[in-house]
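Got a new structure open and wondering where the labels come from? Let's go through a few of them, question by question.

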Amino acid sequence: MRHLLAICCLALLPAAAFAQRATPAPYFQQEVNYTIDVALDDRKHELTGHEQVQYTNNSLQALTFIWFHLWPNAYRDNRTAFARQELRNGNRAFAFAPAAQRGFIDGLAFTVDGQAATLEFDPNNPDVAKLLLPRPLAAGATAAISTPFRVKLPGPFSRMRHVGQNYQITQWYPKPAVLDRRGWHPMPYLDQGEFYSEFGSFDVRITLPANYTVGATGELQNPDEIARLEGLAAETAKKTTQADFGDDLTFPASATATKTLRYKQDRVHDFAWFADKRFNVLKSAVTLPSGRAVTSWVLFTNREATRWIKGLQDVNEALMRYSHWVGEYPYSSATAVQAGVGPGSMEYPMVTVCIPEALVHEVGHNWFYGILGSNERDFAWMDEGVNTYFEKRLAALDSIKATPFGGSSITDRAIRSQVEGLPPTALKQVAYQVLASRGLDQPVQGLTSAAFGKRNYGLMTYHKTASLLHYLAGYLGQERFDRALQAYYERWKFRHPYPEDMQASFEESTGQPLGWFFNDLLTGTHRYNAYLSAPLAVEDRVQVQVRTDSPVPWAVPVSSLDANGKVLETRWTPPFGRAGTEAASPLSFRRAGVASLVVDAGYLTPQLNRRDDRLQLNSPAPRLEPLRLRPLASVERWDQAAINWLPALGANTSDKLMLGAAFYNSLLAPKRLQYLAMPLYSFARKEVNGIASLQLNLLPASKARTVTVGATVQRFERYLKLEPSVSVVLPHSAFNGPQHRLTLSGTAVNTQDRLRNLNIVTADYRGRIRNALREWNWQVDLNRMRARSNETGNDAPAFLLRGAVSLQQFYSPTKRVQVRLFGGSFLQTHENRDFFLGLSGSPDYRRQTVFLDRPQISRTLAAQYHQTDDRDGAFKAFMPVFTNNWLTTVNLQVDVPVVPLAVFADFGATREPFVVGGRSRNTYYDAGLAVPLLEFAVPMLKDVLQIYLPVAGTQYENFLPSSRKDFTDRIRFVLRLDRLSPFRLLDEQLAQ
């Protein structure tokens, strides 16, 4: 998507003669004033309207065209940028939406100063069009542009939507794109990625049935409607409990009479409105520091009504705090409207639609997005991140909000015990650490909104930015930070600032160069780590030198602490790091009462490793931290180390029931040196089995995303396995294009019962590319395999080459077709009985699959016969075909509509014939039903456990079962326990 936008912009800028310059162009700002008349048809769910736009060209050049956004067309079909992004982000609902749920805008007939004008649509984006002006619009001149329009409102897929007769009318009218000093900014509508619009005025008339209640941008001009809202507010104020409101959410019949509401507002860049016949209304007001009063409103249905009563207080608190910290709210009112079914919260000038938990954040957007009109599509952090910083700052003032996990449940108590003694800032770093430790973080600045991973868009642009700003406030001091932010607000309100403008305002206000923050911290994914040299006592002071291995400069806070962990003093180094690894001069602290010196005691910096942050004075082990045993997961902290643990349960027919625990050093944020130990005691054999692994995780600065060097030891079922490996994941970004993994491993398996040793060297390459509709996977591995018997010595090595490619294609929101093509061959003829290809599953030489009955003791669980691993030939029915030549198969599986079943069919061939179903053959097939048992309870686990019911195939003498027993004896299953690993699940969810 980013590449598509870049291509479009490169093609458009030269034509507009507003190409980016190496040096900043003079600032200018266009003015766009709207007059709109619109009517809602709540039976057809349509808008019909007419728009007049006064467009003033304040640029230095004449314009021959104006780009327009026609964003309702984003919902037109599956070829729009919005539709493509939905698939990229894993959402299938829109792709399979019926025509009645789609949306569009039509009925356009543009005129400019009374003359007909041509609309030229972008061939790649039907929601972007170029209005060709009948004559050039000179610099300083104004054009009168008008057009009728009709909008078909879509279902609940994104911001503009209707659910029944609940209407969220956003991005709904023809709207000129921004032209600024960097050029034109035409942009298709996206769900992940917000907007950039010109400031001006709005005069909007809305006609709809008389019993609708509306919340909108601007000042309502109808005295009778104002009186109606106040009457509703008075009635709602009498209700205090959910029982007072009831639970009725049905829509009353629409009034036959209509009303026309008029809203006017200047100094805004968008207009949105929300309508429902069921809305309750509450009204309040706040008095700002200047003495000016602002009216606050909340509109909500009976759902979660009592939370919205509290929500009105949140609106007021946000208005007051942001006005104090940033700058005074300039408008006369602020309205919050309850979000209907579908995607959640979104801000607009003077009005927001949201859930109760997001009220502060969404009201705060009036400052960042509303008043400071930055280019949010390209620099989302300037809105989302800065606003999140203030949202979290306000939440910290509320003792309830500032105490995480304040509940009394077992889970809350367990988590609370792990974060005891940590400031809220430590928890704010966790999201960044979780991503960065996996190489999944992305720079806050330098990517368009669409280029972020699905999870990263929120975690990076919102939360990482907020944490970095908190760090900057710590470095500058809160008062200096606030003065700088206020200066930025005053200079750029109702204008279009860019990052360099914010940096210039901060540098001018503070008198400090801040390129290390704006140009390195915000635009990179560098790894930061600081540590202290041995302290030097000089008379009544103690000095310490700060060192870092960061590749770019950053400022490091160091604190002196007393014996109880209380901070005595905090000093900051100047930014350093690029020129060397040592600060220009040591930091000096008062010696009295100091028990330790700590890097970043307040958890402000973006460090991944805090194990070497504390230096204890007068201690025989100054860098040693107390060790704690913590369930499930723990937060990285400087005052203690942790071993995490979980209870573990295992069972198989050889070892029987096994109980134990898994011990590891991190689940949330993998460490550079990661370990896992999972001992399991077998009560039947009275011996210890289990798994242990040790791995070194490297995070390259470019090219590869991760490099992992590790070794695994595994003991079950009377075998011992040792497997060292090296794995490389490509490319550096997890969110653009195909993903690749290269692994080189050496596997040694000692099978005690058979007194044989297997040694296998494997080079494995895997790739994947996917969206919500389609996923391709491919794999190629080359194996050098050798067996050694205590009786016969070494057998000759065998070389096996295997490859598979699979396609998963959804034909409905929840149903799919799966196709797999497999081919494998030994590279030379061999007679080694230990190594072969299986038509109905892999022999699993490397012990990669959790088989319940590998020794084939049980008649119902026996590996191969009844449990398969769906590898090698992957036939669902068992056929005794094990070849040491070549094997190829095609595997098909199709989900059945309506019911949670699938039908399968497999086709295969081998070089040499095998006796199957009483006949010698070298071609094979099977067919039957697959039952995904866990889909009934947890749909996302449908592939973990499947039962295969073969109803036809060459395994039967006459291709069909001869009796019920012949059928039931051939039932098989696949159990993919590796897909339940919390480590794997977390990694997969984050890499979206």
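**How the labels are earned**

Q: Why is Trp-516 called buried?
A: Trp-516 has 7% relative accessibility, and the cut-off for buried is under 20%, so Trp-516 counts as buried. Bear in mind that this is a predicted model.

Q: What makes Tyr-475 and Trp-516 an edge-to-face pair?
A: Their ring centres are 5.2 Å apart, with 85 degrees between the planes. A pair needs centres within 6.5 Å, and edge-to-face needs planes over 60 degrees apart, so Tyr-475 and Trp-516 fit on both counts.

Q: Which parts does the pair of Tyr-475 and Trp-516 tie together?
A: Tyr-475 belongs to helix H11 (residues 454–476) and Trp-516 to helix H14 (residues 515–521), so the pair links parts that are 41 residues apart in sequence.

Q: Is Tyr-475 buried or exposed?
A: Buried: the relative accessibility of Tyr-475 is 15%, and the limit is under 20%.

Q: How many aromatic pairs turn up in the whole structure?
A: The search finds 55. Tyr-664 and Phe-983 form an aromatic pair too, at 5.3 Å centre to centre and 80 degrees between the planes. With the edge-to-face cut-off at over 60 degrees, that pair is edge-to-face.

Q: What does the pair of Tyr-664 and Phe-983 tie together?
A: Tyr-664 sits in strand S36 (residues 656–664) and Phe-983 in helix H16 (residues 982–990), so the pair connects parts that are 319 residues apart in sequence.

Q: Why is Phe-983 called partly exposed, while Tyr-664 is called buried?
A: Tyr-664 has a relative accessible area of 2%, which is on the buried side of the 20% cut-off. Phe-983 comes out at 27%. Partly exposed covers what lies between the buried limit of 20% and the exposed limit of 50%, so Phe-983 counts as partly exposed.

Q: How do you know that the charged end of Arg-92 sits over the ring of Phe-810?
A: The charged end of Arg-92 is 3.6 Å from the ring centre of Phe-810. The distance limit is within 6 Å, and there is also an angle limit of 35 degrees from the ring normal. Arg-182 is likewise placed over a ring, lying over the face of Tyr-498 at 3.9 Å from the ring centre.

Q: Which residues touch the most other members of the largest nonpolar core?
A: They are Tyr-55, Ile-145, Trp-172, Phe-271, Trp-273, Phe-506 and Phe-517, in a core of 163 residues. Leaving out residues up to four places away in sequence, Trp-273 touches residues including Val-38, Leu-40, Tyr-167, Trp-172 and Val-214. There is also a second, separate core of 31 residues, with Ala-633, Leu-667, Met-678 and Val-881 among them.

Q: What makes the side chains of strand S50 alternate?
A: Along S50 (residues 886–895), Leu-887, Thr-889, Asn-891, Gln-893 and Asp-895 point to one face and are buried. Trp-886, Thr-888, Val-890, Leu-892 and Val-894 point to the other face and are not buried.

Q: How do you know that S50 pairs with strand S51?
A: The two are joined over 9 bridges, in the antiparallel sense, and pairing takes at least two. Val-890 stands opposite Phe-907 in S51. Strand S46 (residues 816–826) also runs antiparallel to S50, with 9 bridges between them; there, Ser-825 has Trp-886 as its bridge partner.

Q: Why are S10 and S16 called edge strands?
A: Each of them pairs on one side only. They belong to an open sheet of 4 strands, in the order S10-S11-S19-S16 with antiparallel pairing.

Q: What makes the peptide bond from Leu-730 to Pro-731 stand out?
A: That bond is cis, with omega near -10 degrees. Most peptide bonds are trans. Pro-731 lies in the loop between strand S40 (719–730) and strand S41 (739–751).

Q: Why is Lys-686 called exposed and Asp-844 buried?
A: Lys-686 has a relative accessible area of 61%, and exposed means over 50%. Asp-844 has 1%, and buried means under 20%. Phi is positive in Lys-686, near 55 degrees, and in Asp-844, near 60 degrees.

Definitions and conventions
Residues are numbered from 1 along each chain as its sequence is written. This is a predicted model: local features need pLDDT of at least 70, side-chain atom pairs count only at pLDDT 80 or more; totals for chains, interfaces and linings use all residues. Side-chain values use heavy atoms; hydrogens and water are left out. A nonpolar core is a set of buried Ala, Val, Leu, Ile, Met, Phe, Trp, Tyr and Cys residues joined through side-chain atoms within 4.5 Å. Buried means under 20% relative accessible area, exposed over 50%, partly exposed in between (1.4 Å probe, protein chains only). Contact means heavy atoms within 4.5 Å. Rings of Phe, Tyr and Trp (its six-membered ring) pair if their centres lie within 6.5 Å; planes under 30 degrees apart count as stacked, over 60 as edge-to-face and the rest as tilted.
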